[in-house]
Structure formats: structure tokens, C-alpha cells
Amino acid sequence: MTVENALAEHSSALANQRNDVSLIRYSGRFAPSPTGPLHFGSLLTAVASYCDAKANQGTWLVRIEDTDIPRIYPNSEAHILACIDAFQFQPDAEIIFQKDRLAYYEQVLEQLKTTHAIYACQCTRKILGSNHIYAGTCRELNLDFSQQAIRLKVSDQRICFEDRLQGQQCSNLQHDLGDFILKRRDGIISYQFAVVVDDFLQGITHVVRGADLLDNTARQIWLASVLNYPVLQYMHLPLAMNDQGQKLSKQNMAQPLELSKAPELLQHAILALGQPHVDLDQPNVMLKQAIQQWDVSLIPQGIYLSGVYQ
Ligand SMILES: [Zn+2]
């Protein structure tokens, strides 16, 4: 795809979104990063996002978030696709891969340059040190964009949203974080940036994901507002923890989902989400039953699930 095509497509998506009265519809997504095989925590997100979309007569899309190429784990992309098949999820559009979409992100960067919403930052990790709040050192330096990190300006204001499970969340990005990175010096597009652009271009209206991403949301809302993108609805699910009290993750040796145990794992995931029992069957039959019974008010409260998972 050329940048010109990306520009045209992006502009027309923006125009359609603004004129489209059917925006009230539901479009959800499952957006795993291939930094390791999918595990039980990933399955909870897939099941909840799928059931919530389908119970609301919505569409459900899958997007592979693979912009951070150095962190991609061998074969995990194949494992994600095999899981979608084995659990018999039915995406409503072709699965997209962010690494194929770099032209879109570059085009949006150009747009942000013209409004001076972004700037180049030459600070090295050494200069930044362990300080997690960026002081805005390069904000007024007008550095050339090439070969530098690119940061988005934030403002001194509270950003609040009502999470469907976690309630009202507020954050002041200037106090909590400072101007944040959209593109790294090594050319890698940040997670925050790619998510916002793709949620918009895919017409996503509802985000259902793990509570570990709760504190990323203010950044995404801010960036979306700078780009005049519509506001999304968020639901952050409680996290499955292991017997060490750690969130299930590749780093914590979470077990990869076993494709041959799809019905049992699905039954377990539906139960962990507080939903009524679903009989063992073909996964698509089980999902259908879970959608019919889906009730968000039954999902356990809080940031963590109380059980122990692997
Ligand atoms: Zn800097």
C-alpha cells in the first residue's frame, strides 16, 4: 500500500465515520500481540470480547498487534491463528496484521506534524534515567524528525472515562506520564499509537480487554481526541493470576492453550468469567450457548480473579 492510498483511505474512513448514523452499532475486537503463545488469560479476553459483541448483535474482528518486531516470539502468530480455528471463533472480517499497515501510521504522523501535536525527541535512555515522567525536554527544540523518537504532546487536564466493569477512571497525563512516544527512535510504532489508529480505521466501538491495559486507556483516549476520532466504550476484565500471585503471561511461564482441549478450556473460561455453565460440545455450539446466556453483571468485580490459573 502506498502512502497516498493510505491517506485516501484514512480520509474517507474519517468522513464516513462522521456521517454515519449507524455508529451506535457494536463493533468489537480481539487484538493479541504475538509475543508468546496464547494462554488462559488471552482466552478470557477472546471469549468475553466475542460474547459481548455477539450478544449485542455486533461484529467481532481480530487484529494481530505485531509492530514491535523485536518482541515477536517465533510461531506465536501461527498459534494465535490455530487457536481462533480450534475454538471456532468466527471473525466478521479478514484478520489484519499491523506490520502490514505501517503506511497508515506514517500518514497519521504526517497529519499530527501539520498540527504540531508531535515533536522529535533526542533523549537517550541514559538521559531519561529511571524517571517515568517525561519532563518535556525536547518539546520546544524543533528537532528534525528523522532518526529521532516522536512524542505526542499531552496537556494538564484530567481525562476520565467510565469503564463498564471498573467504574470511573481518571488520569492527568501531564502529571502521571508526560508527553509519550508514538514512534521509537528505531522506527517501531508504539502500541498506543497503532491501537488508536486501527480501532478507528476498523470502526471499532467497544474495547474489551484485560485490566492490565487499564492505565493505557487515558493515553489512547487523548490521542483519539487529538485526531478527532470518536470515543470508544471500554470494559477491562479482571486478570487470571497464577499460584505466585502473578498475572498469566509468557514471562511468567503461563501454559500455552492446548488446541486439543478447546472444549474443556472454553468451559473453564466461561465459568471464570462468572457466566452460567455451558455443556461440553463443539466449541461453536458452546460459544452460541455462552452468547445466549451472556450477562456482564455476572463478571467478577475488581482487577484480579480470585482463583488460581495456569
Ligand atoms: Zn527528549
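Start by selecting Leu 43, Leu 44, Val 47, Tyr 50, Ala 269 and Leu 273, the residues with the most contacts inside the largest nonpolar core, which has 43 residues. The model on screen is a predicted one.

Next, colour the elements that give two or more residues to this core: the helices α2 (40-55), α3 (76-86), α9 (262-272) and α10 (283-293), and the strands β2 (59-64), β9 (206-210) and β10 (233-237). Of these, α2 gives the most, with 8 residues.

Now centre on Leu 273. Leaving aside neighbours within four places in sequence, Leu 273 is in contact with Leu 44, Val 47, Ala 48 and Ile 299. Two of these partners, Leu 44 and Val 47, were in the opening selection.

Then select Ile 150, Leu 173, Phe 200 and Ile 221. These belong to a second core, separate from the other, with 24 residues.

**The annotated site**

Select Cys 121, Cys 123, Tyr 134 and Cys 138. UniProt lists these four under "binding site", in an unreviewed entry. They are spread over 18 residues of sequence but cluster in space, with a largest C-alpha distance of 10.5 Å.

Zoom in on Cys 121, which is found in strand β4, residues 118-121. Is Cys 121 buried or exposed? Cys 121 counts as buried because 22 other C-beta atoms lie within 10 Å, and the cut-off for buried is 20 or more. Show its contacts beyond four places in sequence: Cys 121 touches Cys 138, Gln 148, Ala 149 and Arg 151.

Follow the contact to Cys 138, found in the loop between α5 (125-128) and β5 (149-152). With 19 other C-beta atoms within 10 Å, Cys 138 is partly exposed. Which residues does Cys 138 contact, leaving aside neighbours within four places in sequence? They are Tyr 119, Ala 120, Cys 121, Gln 122, Cys 123 and Leu 143. Two of these contacts, Cys 121 and Cys 123, are also among the residues listed by UniProt.

**The whole protein**

Zoom out and show the cartoon. The protein has 10 helices and 10 strands. Along its principal axes the C-alpha trace spans about 60 × 45 × 40 Å. The radius of gyration is 20 Å, which agrees with the value near 19 Å for a compact globule of 310 residues.

Finally, colour by burial: 35% of the 310 residues count as buried. Among contacts between residues at least 6 apart in sequence, 78% join residues at least 24 apart.

How values were computed:
Residues are numbered from 1 along each chain as its sequence is written. This is a predicted model: local features need pLDDT of at least 70, side-chain atom pairs count only at pLDDT 80 or more; totals for chains, interfaces and linings use all residues. UniProt positions are given in the numbering used here, feature names are shortened, and annotations may be inferred rather than shown by experiment. Helices (H or I, at least four residues) and strands (E, at least two) are DSSP runs, numbered from the N terminus. A residue is buried if 20 or more other C-beta atoms lie within 10 Å of its own, exposed if 12 or fewer, and partly exposed in between; C-beta atoms are placed from the backbone. Two residues are in contact if their C-beta atoms, placed from the backbone, lie within 7 Å. The radius of gyration is taken over C-alpha atoms; the globule rule is 2.2 Å times the number of residues to the power 0.38. A nonpolar core is a set of buried Ala, Val, Leu, Ile, Met, Phe, Trp, Tyr and Cys residues joined through C-beta atoms within 7 Å.
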